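Trainee: Could you walk me through how the labels on a model like this get decided?
Mentor: Sure, pull it up and ask away.

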Amino acid sequence: MQTTEKIWLDGKLVKWEDAKIHVLTHALHYGLGVFEGIRCYETKKGPAVFRLDDHIRRLFDSAHILQLPMPYSPNEIRQGILQTIKANRLKACYVRPIAFVGYGEMGIYAKNNPTVTAVACWPWGSYLGDEGLKKGIRVRVSSFTRHHVNASPPRAKATGYYINSQLAKREAVMTGYDEALLLDPDGYVAEGSGENIFIVRRGVLKTTPLTSNLEGITRASVMALAGERKIRVVEERFTRDEVYIADEAFFTGTAAEVTPIRELDGRVVGSGRPGPLTQKIQKAFFDAALGRNPKHAGWLTLVK
């Protein structure tokens with residue numbers, strides 16, 4: 001990780017090395033916290049945060065689902081994010097707002113503990129690699145199952161949920177793949193370890209419904225961009241073997257952006273290269289994110 005100068009911690013900018021918590025912080029032991037991953041892109045008009053208000057809304061939705069009190073308003077978090085990017089003089093970066101149960105009582109139910117809130121940002125390139133963005137990645141179906149809606153409400157982007165993701169990702173990498181694809185408790189495709197999935201079959205763009213997967217903001221952006229280009233988009237369950245015989249497939253996410261999938265479980269997907277629809281969607285996404293499409297200027301918040 002490339003460190004930066006300042007982190008916004010409970011309303012104040014502090015030095016990166018001074019943003020510390022106690023070893024008995026509740027969330028470290030019990031995993032209750034919510035966070036967002038946001039990207040700030042370098043545009044001709046200056047640094048611009050992609051869909052900032054949508055990310056803040058999801059952060060507060062996650063806290064509401066998990067009954068985590070938020071000590072700051074959405075606007076205060078919004079200003080904290082912009083302030084942190086500006087203080088670090090970054091043209092482009094990844095932004096991590098996080099809120100979690102802090103130090104105080106121990107035990108499962110610690111109603112009197114404060115909520116600690118922070119914002120950090122740092123330069124971060126392509127999550128699955130520049131080569132992956134250009135040529136696609138190799139994926140395997142994980143032996144680990146994605147969350148059941150009545151066990152871990154998937155619309156919350158919760159810190160503790162990512163143990164499941166880490167297990168799947170480690171398994172994939174240790175067996176020679178780039179990323180994992182998780183199935184839901186009924187055996188249908190859910191999502192990657194940190195991405196939503198799309199497939200293309202016979203000109204139709206398909207993505208999984210919001211049952212065992214996160215309500216992705218890049219996912220929503222891709223669906224909107226596809227609709228503008230008269231590409232039919234459907235949300236429906238599909239199985240791993242439909243991915244095997246798909247014409248194209250790709251992951252979406254703030255970190256992954258739009259990353260093609262060239263192989264699943266040793267089976268080449270489509271031609272084994274990013275397909276024409278994937279390339280069209282990928283270009284449309286970066287045109288919007290980098291400020292090259294004035295139609296989606298409203299998706300960008302300039303850092304002033």
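Mentor: What follows is a run through some cysteines, two helix pairs and a few single residues.
Mentor: A word on the ground rules: this is a predicted model, where local features need pLDDT of at least 70, side-chain atom pairs count only at pLDDT 80 or more, and totals for chains, interfaces and linings use all residues. Residues are numbered from 1 along each chain as its sequence is written, and side-chain values use heavy atoms, with hydrogens and water left out.

Trainee: How do you know that the structure holds zero disulfides?
Mentor: A disulfide is a pair of cysteine sulfur atoms within 2.5 Å. For Cys-40, the nearest cysteine sulfur belongs to Cys-93 and is 4.5 Å away, and Cys-40 is in no disulfide. Cys-121 is also in no disulfide, its nearest cysteine sulfur being that of Cys-93 at 4.5 Å.

Trainee: What makes Cys-40 buried?
Mentor: Buried means under 20% relative accessible area, exposed over 50%, and partly exposed in between (1.4 Å probe, protein chains only). Cys-40 has 3% relative accessibility, so it counts as buried. Cys-121 is buried too, with a relative accessible area of 0%.

Trainee: Why is H2 called oblique to H3?
Mentor: Helices (H or I, at least four residues) and strands (E, at least two) are DSSP runs, numbered from the N terminus. Axes are lines fitted to C-alpha atoms, for helices over the stretch in contact, and angles run from 0 to 180 degrees between N-to-C directions. Under 35 degrees is roughly parallel, over 145 roughly antiparallel, 65 to 115 roughly perpendicular, and the rest oblique. H2 (residues 52–65) and H3 (residues 74–87) pack at about 130 degrees, with axes 10 Å apart. That is why H2 is oblique to H3.

Trainee: Which residues of H2 and H3 meet?
Mentor: Contact means heavy atoms within 4.5 Å. On the H2 side you have Leu-52, Asp-53, Ile-56, Leu-59 and Phe-60, and they meet Pro-74, Ile-77, Arg-78, Ile-81 and Leu-82 of H3.

Trainee: And why are H6 and H8 called roughly perpendicular?
Mentor: Helix H6 (residues 217–228) packs against helix H8 (residues 276–289) at about 110 degrees, with their axes 10 Å apart. The 65 to 115 band covers that angle, so H6 and H8 are roughly perpendicular to each other. From H6, Thr-218, Val-222, Leu-225 and Ala-226 make the contact, and from H8, Ile-281, Ala-284 and Phe-285.

Trainee: What makes Val-233 partly exposed?
Mentor: Its relative accessibility is 25%, in the range between buried and exposed, so Val-233 counts as partly exposed. Val-233 is found in strand E13 (residues 233–235). Not counting residues up to four places away in sequence, Val-233 touches Leu-205, Met-223 and Ala-226.

Trainee: How do you know that Thr-259 is buried?
Mentor: Thr-259 has a relative accessible area of 2%, under the 20% cut-off, so it is buried. Thr-259 sits in strand E15 (residues 257–264). Leaving aside neighbours within four places in sequence, the contacts of Thr-259 include Leu-128, Ile-137 and Phe-250.

Trainee: Last one: is Arg-51 buried or exposed?
Mentor: At 14% relative accessibility, Arg-51 counts as buried. Arg-51 lies in the loop between strand E5 (46–50) and H2, and its phi is near 50 degrees, a positive value in a residue other than glycine. Asp-10 likewise has a positive phi of about 50 degrees although it is not a glycine, but at 34% relative accessibility Asp-10 counts as partly exposed.
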